[in-house]
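Trainee: I would like to learn how to read a model like this. Can we go through it feature by feature?

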Amino acid sequence: EEKDATYSSAMADTVSELLPIIDNLERAAAFDDGEKVKDGIKMIASTVSATLSKLGVEAFGNPGEQFDPNIHNAVMHTEDENLGENVISQVFQKGFKLGEKIIRFAMVQVAN
């Protein structure tokens with residue numbers, strides 16, 4: 001019972017952090033002007049990043065990083081003399097982790 005209460009409280013806290021993002025999505029959807037929608041989406045993306053950071057979730061998988069098969073999923077390979085061996089040249093999906101737990105592996109292209 002105590003475990004269920006802790007889980008329920010943690011879920012409520014997490015959802016509470018996500019509610020402002022939902023509010024901003026609804027506001028952005030109400031715009032007719034494409035430029036305002038674009039600006040709204042950029043602000044929402046920034047809010048999502050800040051919220052994930054506040055929850056302890058870290059994004060990883062950026063071009064130029066060294067490829068690590070423990071956290072990166074290489075789906076493509078390229079030859080590029082400007083990059084070193086096993087360097088990420090392109091990111092198709094960022095990875096996310098909470099502490100040491102991988103939530104999603106980064107989907108990347110690896111050079112050389």
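Mentor: We will take confidence, then sheets, then side chains.

Trainee: What is the mean pLDDT of the chain?

Mentor: Start there, as this is a predicted model. The mean pLDDT is 94, and 100% of the residues reach 70 or more.

Trainee: Where in the chain is confidence lowest, and where is it highest?

Mentor: Helix α1 has the lowest confidence, with a mean of 91. Strand β6 has the highest, at 98.

Trainee: Now the sheets. How do strands of a sheet pair?

Mentor: The general idea is that they pair through backbone hydrogen bonds, either parallel or antiparallel. Now the case here. One open sheet has three strands in the order β1-β4-β5, and its pairing is antiparallel.

Trainee: Which strands stand at the edges of that sheet?

Mentor: β1 (57–60) and β5 (101–104) do. Each has a single partner strand, so one side of each lacks a neighbour in the sheet. From one strand to the next, the twist averages 35°.

Trainee: How many bridges join β1 to β4?

Mentor: Four bridges join β1 to β4 (residues 95–98), and the two run antiparallel. To find the register, look at A59: its bridge partner in β4 is F96.

Trainee: Which residue in β5 does F96 stand opposite?

Mentor: F96 faces R104 there. β4 and β5 pair over three bridges, in the antiparallel sense.

Trainee: What do β4 and β5 form, and how many residues lie between them?

Mentor: They form a hairpin, with two residues between the strands. Check the turn for backbone angles: G99 has a positive phi of about 65°.

Trainee: And the other sheet: what is its strand order?

Mentor: The order is β2-β6-β3, an open sheet of three strands with mixed pairing. β2 (72–78) and β3 (87–93) stand at the edges. Each of these has a single partner strand, so one side of each is left without a neighbour in the sheet. The twist averages 35° from one strand to the next.

Trainee: How do β3 and β6 run, and how many bridges join them?

Mentor: They run antiparallel, and five bridges join β3 to β6 (residues 106–111). For the register, V87 stands opposite A111 in β6.

Trainee: Let us turn to side chains. When can side chains of opposite charge pair?

Mentor: They can pair when their charged atoms come close. This structure holds one salt bridge. The side chains of K54 and E17 make it, at 3.4 Å from N to O.

Trainee: Which helices hold K54 and E17?

Mentor: K54 lies in helix α2 (residues 34–54) and E17 in helix α1 (residues 2–29), so the pair ties together parts that are 37 residues apart in sequence.

Trainee: Are they buried or exposed?

Mentor: Use relative accessibility, where over 50% means exposed. K54 is exposed, at 62%. E17 is partly exposed, at 24%.

Trainee: Last, the nonpolar surface. Which residues make the patch?

Mentor: Y7, M11, V15, L19 and I22 make a nonpolar surface patch of about 470 Å². Take M11 as one member: M11 is found in helix α1. M11 counts as partly exposed, with 39% relative accessibility.

Key:
Residues are numbered from 1 along each chain as its sequence is written. This is a predicted model: local features need pLDDT of at least 70, side-chain atom pairs count only at pLDDT 80 or more; totals for chains, interfaces and linings use all residues. Side-chain values use heavy atoms; hydrogens and water are left out. A salt bridge is a side-chain nitrogen of Lys or Arg within 4 Å of a carboxyl oxygen of Asp or Glu. Buried means under 20% relative accessible area, exposed over 50%, partly exposed in between (1.4 Å probe, protein chains only). Patches are made of residues with over 30% relative accessible area and no salt bridge: like charges are joined within 9 Å, nonpolar side chains (Val, Leu, Ile, Met, Phe, Trp, Tyr) within 5 Å. Accessible areas come from the Shrake-Rupley method with a 1.4 Å probe; for residues, only the protein chains shown count as cover. Two strands pair if DSSP finds at least two bridges between them. Axes are lines fitted to C-alpha atoms, for helices over the stretch in contact, and angles run from 0 to 180 degrees between N-to-C directions. pLDDT is the predictor's confidence in each residue, from 0 to 100.
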